[in-house]
Amino acid sequence: MQKASRLWKLLTANYNQGTKMKNAKEFVSDLRDTFDTLYDVADKTTREYFATKPSNDELMGYFKIRLFNERWNMVELSQAVANAPVDTPMEELQLLAKQAYDEANHFRMVKEVVEHISGVEADLAELAKTHGKKMPSQG
């Protein structure tokens with residue numbers, strides 16, 4: 001839950017400054033602008049990477065890292081839902097749970113890409129040794 005709270009504070013830090021609070025449409029518009037900018041940067045860097053025509057070994061390295069990033073996101077969001085205070089609004093829990101489900105799908109899709117490139121079933125335990133990272137919830 002702390003991660004979600006930090007994200008919310010980060011996203012809303014500049015929205016309640018001054019004497020006038022933004023209305024919902026202004027707030028959503030500003031969020032969209034922020035996320036559109038982040039998306040554009042991610043899209044540009046991804047296109048640049050793939051334009052280099054990386055080798056299969058480079059692709060495997062890239063997707064193995066992505067695989068465990070997606071797993072990390074899935075696990076951390078699931079733990080946020082599981083550890084949420086009993087008075088957490090149901091809508092917030094549902095949104096976090098839906099995001100965890102999305103991350104689980106991303107994890108599955110990236111695993112399928114790794115298996116497609118390698119031609120063999122991914123050994124997640126073995127991949128975790130070299131490409132997994134310790135999650136904050138693991139201490």
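These legends accompany several close-up views of a predicted model.

**Figure 1. An all-helical chain, seen as a whole before the close-ups**. The chain has 5 helices and 0 strands, and along the sequence the pattern reads α-α-α-α-α. Of its 139 residues, 23% are buried. Among contacts with a separation of 6 or more, 63% join residues that are 24 or more positions apart. The structure also holds 6 salt bridges, and some of these appear in the later views.

**Figure 2. Helices H2 and H3 where they meet**. Here we look at H2 (residues 24–51) and H3, whose axes come within 12 Å and cross at roughly 155°. The cut-off for roughly antiparallel is over 145 degrees, and H2 and H3 are therefore roughly antiparallel to each other. From H2, the contact is made by Thr 46, Tyr 49 and Phe 50; from H3, Glu 58, Leu 59, Tyr 62 and Phe 63 take part. These residues divide into 5 nonpolar, 1 polar and 1 charged.

**Figure 3. Lys 64, a buried lysine without a salt bridge**. Lys 64 sits in helix H3 (residues 56–82). What is the nearest side chain of opposite charge to Lys 64? That is Asp 57, 7.6 Å away. Once neighbours within four places in sequence are left aside, Lys 64 is in contact with Val 114, Leu 127 and His 131.

**Figure 4. A salt bridge within H2: Arg 47 and Asp 43**. The closest N and O atoms of this pair are 3.1 Å apart. Both residues belong to helix H2, and they are 4 residues apart, about one turn of the helix. Arg 47 is exposed, at a relative accessible area of 58%, while Asp 43 is partly exposed, at 25%.

**Figure 5. A salt bridge within H3: Arg 66 and Glu 70**. In this pair the closest N and O atoms lie 3.3 Å apart. Once again the partners are 4 residues apart, about one turn of the helix, this time in H3. Is each partner buried or partly exposed? Arg 66 counts as partly exposed, at 32% relative accessibility, whereas Glu 70 counts as buried, at 9%.

**Figure 6. A salt bridge within H5: Glu 126 and Lys 129**. The closest N and O atoms are 3.4 Å apart in this pair. Glu 126 and Lys 129 are 3 residues apart in helix H5 (residues 124–131), so about one helical turn separates them. Glu 126 is partly exposed, with 41% relative accessibility, and Lys 129 is exposed, with a relative accessible area of 65%.

Technical notes
Residues numbered from 1 in each chain as written. Predicted model: local features only at pLDDT ≥ 70, side-chain atom pairs only at ≥ 80, totals over all residues. Heavy atoms only, no water. Helix = DSSP H or I, 4+ residues; strand = E, 2+ residues; numbered from the N terminus. Buried < 20%, exposed > 50% of the residue type's maximum accessible area, 1.4 Å probe, protein only. Lys, Arg positive; Asp, Glu negative; His and termini not counted. Salt bridge = Lys/Arg side-chain N within 4 Å of Asp/Glu carboxyl O. Contact = heavy atoms within 4.5 Å. Axes fitted to C-alpha atoms, helices over the stretch in contact; angles between N-to-C directions. Parallel < 35°, antiparallel > 145°, perpendicular 65-115°, else oblique. Nonpolar A, V, L, I, M, F, W, Y, C, P; charged D, E, K, R; others polar.
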